[in-house]
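Colleague: I should like to understand the terms used to describe this model. May we go through them in turn?

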Amino acid sequence: MGVAIVWLINAIISLMTWFIIGSAILSWLFAFDVINHRNRFVNQLANFLDAVTRPLMEPFRRIIPPLGGIDISPIVVLLLLNFARILFNNSAAGPLIQILG
């Protein structure tokens, strides 16, 4: 049971990492007019990624101003997610597996 919980937490962090990277790449493609919102699939994908990443990104966007028009909050959130993963795996994962088996 403990191994499954550790796997689930690591999988959620990995998915959030990929969603944030995908959202950032998609925003760059919109900014450079490579793709546009008129494409239905692209629009749905952008809305999905925005809905998934907004709760995690919005607090940092309020604190960190854009530098030269570039939003660096995804970089900060990615660093914090990796820090949380390392902290969890090194401190909480072992005792959790021992307690839950």
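Modeller: Let us begin with exposure: a residue is buried under 20% relative accessible area, exposed over 50% and partly exposed in between, using a 1.4 Å probe and protein chains only. The model is predicted, so local features need pLDDT of at least 70, side-chain atom pairs count only at pLDDT 80 or more, and totals for chains, interfaces and linings use all residues. Residues are numbered from 1 along each chain as its sequence is written, and side-chain values use heavy atoms, with hydrogens and water left out.

Colleague: Why is aspartate 33 called exposed?

Modeller: Aspartate 33 has a relative accessible area of 60%, and exposed means over 50%; therefore aspartate 33 is exposed. This residue is found in the loop between α1 (2-31) and α2, and has a positive phi of about 55 degrees although it is not a glycine.

Colleague: What is the relative accessible area of glycine 22, and which class follows?

Modeller: Its value is 25%, so glycine 22 is partly exposed. Glycine 22 lies in helix α1; helices are DSSP runs (H or I, at least four residues), numbered from the N terminus.

Colleague: What makes α1 roughly antiparallel to α3?

Modeller: α1 and α3 pack at an angle of about 175 degrees, with their axes 9 Å apart. Axes are lines fitted to C-alpha atoms, for helices over the stretch in contact, and angles run from 0 to 180 degrees between N-to-C directions. Angles under 35 degrees count as roughly parallel, over 145 as roughly antiparallel, 65 to 115 as roughly perpendicular and the rest as oblique. α1 is therefore roughly antiparallel to α3.

Colleague: Why are α2 and α3 called oblique to each other?

Modeller: The axes of α2 (residues 40-63) and α3 (residues 73-100) come within 9 Å and cross at roughly 120 degrees. That angle falls in none of the named ranges, and α2 and α3 are therefore oblique. Contact, meaning heavy atoms within 4.5 Å, is made by residues including Leu56 and Phe60 of α2 and Val76 and Leu80 of α3.

Colleague: Which residues form the largest nonpolar core?

Modeller: A nonpolar core is a set of buried Ala, Val, Leu, Ile, Met, Phe, Trp, Tyr and Cys residues joined through side-chain atoms within 4.5 Å. The largest has seven residues: Ile13, Met16, Ile20, Met57, Val77, Leu78 and Leu81. α1 and α3 each supply at least two residues of this core. Apart from it lies another core, of five residues, among them Leu26 and Phe30.
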